[in-house]
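Thank you for making the time this morning. I would like to walk through one structure with you, going from the overall fold to the sheet and then to a pocket, so please keep the view open while I talk.

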Amino acid sequence: MAPSITIKLGERRYRHLWLKYVTGTDLSRHCAVSLHGRYSRAVDENITNVTVELNEFPHAIAWYLCGVTTPYNWKDNPHLALEAAPGHNQDLQVQDLTVHLDGVRPIPITNEHIPDDDPRAANPAFRTCRNWWFAHYLVAVRGVPDVHGDRPRVTTTRPGTGQGGLIPTPQRRPRPAAPPPAPISEPRQAAHQPPIDAIEQQVTTGTPAPLASRTRRTRP
């Protein structure tokens, strides 16, 4: 049975509400794009109560639930990072969201894994972003590669090591070359027709062209 999360909204309303299947990180950016992956089709700002089975997309190394309130108040924005935990069940309050977890458990989101020499940490847009904090956790603790770009290769966990690795892009087989065109053969002349030069003789001289000779079989 797939793990699941149940989300029930309270009084707050959201400009954005999303649940992402996290497959990698991009520390060069903050907010949602610092976490590679695809968004659940079942979660958006219009839901009121929804249960999502976390099997919509493959290769997730974690899940991240995030909301942006309207009117905006960053203190009220919900953030919840999750990892697989078979058999785990939990009810919790995430700001104004009531959440039930089945088969997953929360991962603490802190800024302790941001290196002191990271130049982006001086920028408030990065320093206060909890999506970016969690991306640093994945790099520092889970060994997930930091891959920049909008559409990187999928990041997954190597079996037995707990370390992140990249799934190689499948190699496409080259298409076989088209066969060369067949040579154009001259039309064969019927046996009973006179040769071309004989026809030309008839046209220029008026002399009837002889028919091609035929071999007749005689009875004994």
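Before I come to the strands, one term is needed: a residue counts as buried when its relative accessible area is under 20%, as exposed when that area is over 50%, and as partly exposed in between. Please also keep in mind that what you see is a predicted model.

With that term in hand, consider strand S4, which has a covered face made of Val50 and Val52, while Asn49, Thr51 and Glu53 make up its uncovered face. S4 is joined to S1 by five bridges, and the two strands run antiparallel; within that pairing, isoleucine 7 is found opposite valine 50 of S4, and valine 50 belongs to the covered face.

Let me now step back to the whole chain. The protein chain contains three helices and nine strands, and from the N terminus their order is β-β-β-β-β-β-β-α-α-β-β-α. The chain has 220 residues, of which 33% count as buried, and if one takes the contacts with a separation of 6 or more, 55% of them are between residues 24 or more positions apart.

How are the strands of the open sheet ordered? Seven strands take part, in the order S3-S2-S5-S6-S7-S1-S4, with antiparallel pairing. Strands S3 (35-39) and S4 (49-53) each have a single partner strand and stand at the edges, so each of them has one side without a neighbour in the sheet. From one strand to the next, the twist averages 25 degrees.

Going through the pairings, strand S2, residues 14-25, is joined to S5 by eight bridges in the antiparallel sense, and there tyrosine 21 faces tryptophan 63 of S5. Strand S6, residues 79-94, and S7 run antiparallel and are joined by ten bridges, with leucine 92 bridged to valine 99 of S7. The hairpin of S6 and S7 has two residues between the strands, and glutamine 95 takes a positive phi near 55 degrees in this hairpin. S7, residues 97-107, also pairs with S1, residues 4-8, over five antiparallel bridges, where threonine 6 has histidine 100 as its bridge partner in S7.

One residue deserves a closer look, namely leucine 80, which lies in strand S6. Is leucine 80 buried or exposed? Its relative accessibility is 6%, and because the limit for buried is under 20%, leucine 80 counts as buried. Leaving out residues up to four places away in sequence, leucine 80 touches a set of residues including Ile5, Trp63, Leu92, Val99 and Ile109. The C-alpha atoms of leucine 80 and arginine 130 are separated by 9.7 Å, although these residues are 50 residues apart along the chain.

Finally, I turn to the second largest pocket, whose volume is about 310 Å³. It is lined by 16 residues, and the closest to its centre are Cys31, Tyr72, Asn77, His79 and Cys129. Strand S5 (62-69) and helix H2 (130-141) each supply at least two residues of this lining, and S5 gives the largest share, three residues. By class, the lining of this pocket consists of nine nonpolar, six polar and one charged residues.

Conventions
Residues numbered from 1 in each chain as written. Predicted model: local features only at pLDDT ≥ 70, side-chain atom pairs only at ≥ 80, totals over all residues. Heavy atoms only, no water. 1 Å grid on protein atoms, 1.4 Å probe; cavity = no way out; pocket = protein on both sides within 12 Å on 5 of 7 lines; lining within 4 Å. Points joined across faces, edges and corners; volume = space filled by probe spheres on them. Helix = DSSP H or I, 4+ residues; strand = E, 2+ residues; numbered from the N terminus. Nonpolar A, V, L, I, M, F, W, Y, C, P; charged D, E, K, R; others polar. Pairing = 2+ DSSP bridges. Axes fitted to C-alpha atoms, helices over the stretch in contact; angles between N-to-C directions. Buried < 20%, exposed > 50% of the residue type's maximum accessible area, 1.4 Å probe, protein only. Contact = heavy atoms within 4.5 Å.
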